[in-house]
Amino acid sequence: MLEMLRGKRMLFVGDSLNRGQYVSLLCLLHRAIPDGAKSFETVDSLSVFRAKNYDATIEFYWAPMLAESNSDDAVVHSADDRLIRGAPMDRHYSFWKGADVLVFNSYLWWVAGDKIQILRGADNDPSKDIVEMKSEEAYRLVLHQVVRWLERNVDPGKSRVFFVTASPTHTDGRAWGDDDAEGSSNCYNQTSPISAASSYRGGTSREMLRATEEVLATSRVPVGLVNITRLSEYRRDAHTQTYKKQWVEPTAEQRADPRSYADCTHWCLPGVPDTWNELLYWKLFFPSNDQVL
């Protein structure tokens, strides 16, 4: 993998799930690099890992909705009251340009509500012109903008582009037949994958998955889909649950019921994102097999 990246720049673009995959890849690769021959730094929305002996960088750029939005601060952000700019994403584009391998994702922030607010025009003033659009329609709009940028700025003879499909959540045990009461079961304390695949009713939006496939299929620059959705849907046991850094200390009431603050969105490392990277590795080295994945 490092030899393939020699002299190249690999860039992950997306949300915290994509960042988890990025960190997974760094963990998988860094052991092959002597301590003095690697470095890591984060400045605002961009994190850069350097493999000095290979003249290679593996980077992550925070852009959870791909479009410019009010959630672009890499530290202070919220999925509430989401506002995106309908104009070209020039600020983001400047970081993407020149990457030899691009790995995009964007899903979770789009399904936090049925509607998205869109700021039209180039003016930064939110009071200028705001319209509301269904999330799926706005998602398609943004993906089309990404495709147009790829077609204008990426040489498919020199660069590779991938899009990682939706990462599922496990917030409601009814999806795998645990309970009838909403909220009474989630990923907390789960220790095994879902085994009854035929009866599993995942909550991942099929409409958003279809939008991803349909829009990216129109691109004249090939975009390889890394389909991680179904395999990850079975892993109710693999989330960080309560075992992650808590930005806000849980209340006594929450501690009495850990299910109430268990993180059923993000994944433990080592864990599921390592498998996503195995799929990405396969697609990088064997592009002719894209259709079977």
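This passage walks through the salt bridges of the structure and one patch on its surface.

The structure is a predicted model, in which local features need pLDDT of at least 70 and side-chain atom pairs count only at pLDDT 80 or more, while totals for chains, interfaces and linings use all residues. Residues are numbered from 1 along each chain as its sequence is written, and side-chain values use heavy atoms, with hydrogens and water left out.

Side chains of opposite charge can pair when their charged atoms come close. Across the whole structure, a search finds 17 salt bridges (a side-chain nitrogen of Lys or Arg within 4 Å of a carboxyl oxygen of Asp or Glu). One of them pairs Arg85 with Glu68, with 3.3 Å between the closest N and O atoms. This pair links distant parts of the chain, since Arg85 sits in strand S5 (residues 83-85) and Glu68 in the loop between strand S4 (56-62) and S5, 17 residues apart. Helices (H or I, at least four residues) and strands (E, at least two) are DSSP runs, numbered from the N terminus. Both partners have low accessibility values: Arg85 is buried at a relative accessible area of 15%, and Glu68 is buried at 4%. Here, buried means under 20% relative accessible area, exposed over 50%, and partly exposed in between (1.4 Å probe, protein chains only).

Another meeting point is Arg140, which is partly exposed with a relative accessible area of 22%. Arg140 forms a salt bridge with Glu136, the closest N and O atoms lying 3.4 Å apart. The two residues are four apart in helix H3 (residues 135-153), so about one helical turn separates them. Glu136 is partly exposed as well, at 27%. Arg140 also meets the side chain of Glu214 in a salt bridge of 2.7 Å, N to O. Because Glu214 lies in helix H4 (residues 206-216) and Arg140 in helix H3, this pair ties together parts that are 74 residues apart in sequence. Glu214 is partly exposed, with a relative accessible area of 38%. Elsewhere, salt bridges with shared partners join Glu68, Asp72, Arg85 and Arg91 into one network.

The surface also carries a nonpolar patch, formed by Tyr281, Trp282, Phe285 and Phe286, with about 370 Å² of accessible area together. Patches are made of residues with over 30% relative accessible area and no salt bridge, like charges being joined within 9 Å and nonpolar side chains (Val, Leu, Ile, Met, Phe, Trp, Tyr) within 5 Å. Accessible areas come from the Shrake-Rupley method with a 1.4 Å probe, and for residues only the protein chains shown count as cover. Within the patch, Tyr281 belongs to helix H7 (residues 272-285) and is partly exposed at 36% relative accessible area.
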